[in-house]
Amino acid sequence: MPAKLETAPHYVGHRQRLKARLADNPRGLADYEILELLLALTVPRRDTKPLAKTLIDRFGSLKEAVLARPDQLDGIKGLGPATQSQWALLQELHARLGEADARRGQTVSDPDALARAAMARLGHKDTEEFWTVFMDTKNRIIKWEQMSRGTTNATAIFPREIAAAALRLEATNVILIHNHPGGGSDPSPEDILLTGKVAEACASLDINVRDHIIVTDHDYYSFNEFGRL
């Protein structure tokens, strides 16, 4: 009796058709189909359409699914460490592309480039993070540095830590940056108070606080633009 020929799983042909459509007209693919192909890189031997739809249903959109924390993929059947690593890589790529116009050596002339970089790095985070951009006398970026990480609505930061870091980096200008998880970008009373304290601590060392930028995933607030610095 001749050996029975094995047939390829149904999703193999479907995946090839998706790839052909991607090459021909990427905009023609639905969001879940983009996610299908992405998931296939780490789940090659499984139909990834149900997984893609599950992720979009759970997180609400393609963007929110891709920006979900890797540990939020725990418990989704079919997704393991390889997909979590891929998600971490995608998010770092997203952040670095957003930071392209605000890298070391770039001159800061307005808040927009920094705000877009911060939105890419911090806007989707569900905990508050406080960063400082240290610059030289010509407002060229020396370094971005994370000062603290907090909870969903607060982070502890001490003005002397920022002043000390500026001295260590020989920075003469600084810009404060933090995110508001799940909220608006308008400053809270605590944000305003902290900004004043940091500006006072830095001024005593001839360090200028040029701005404080608060970001969400789609918006930002600049203290400087609103005349608060």
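Contact here means heavy atoms within 4.5 Å. With that in hand, let's look at helix α3 and its neighbours in this predicted model.

Start with what surrounds the helix: the buried residues of α3 are covered by elements that include α2 (31–40), α4 (62–66) and α5 (81–98). Which residues of α3 are buried? Helix α3 spans residues 49–59, and its buried set is L51, A52, L55, I56 and F59. Viewed down the α3 axis, these buried residues sit within an arc of 130 degrees, so they line one face of the helix. The general background helps: an α-helix has 3.6 residues a turn, so residues three or four places apart point the same way. Just past the end of α3, G60 has a positive phi of about 105 degrees.

Now for α2, which packs with α3 and with α5:

| Pair | Axes | Angle | Citation |
|---|---|---|---|
| α2 and α3 | within 8 Å | roughly 120 degrees | |
| α2 and α5 | 10 Å apart | about 115 degrees | |

The angle between α2 and α3 makes α2 oblique to α3, and their crossing is right-handed. On the α2 side, the contact uses D31, Y32, L35, E36 and L39, while α3 brings K49, L51, A52, K53, L55 and I56. Sorted by class, that contact holds seven nonpolar, no polar and four charged residues.

What about α2 and α5? Here L35, L38 and L39 of α2 meet T83, Q86, W87 and L90 of α5. The class count for this contact is five nonpolar, two polar and no charged residues.

Key: Residues numbered from 1 in each chain as written. Predicted model: local features only at pLDDT ≥ 70, side-chain atom pairs only at ≥ 80, totals over all residues. Heavy atoms only, no water. Buried < 20%, exposed > 50% of the residue type's maximum accessible area, 1.4 Å probe, protein only. Helix = DSSP H or I, 4+ residues; strand = E, 2+ residues; numbered from the N terminus. Arc of directions from axis to C-beta. Axes fitted to C-alpha atoms, helices over the stretch in contact; angles between N-to-C directions. Parallel < 35°, antiparallel > 145°, perpendicular 65-115°, else oblique. Left-handed = near helix turned anticlockwise from the far one by under 90°. Nonpolar A, V, L, I, M, F, W, Y, C, P; charged D, E, K, R; others polar.
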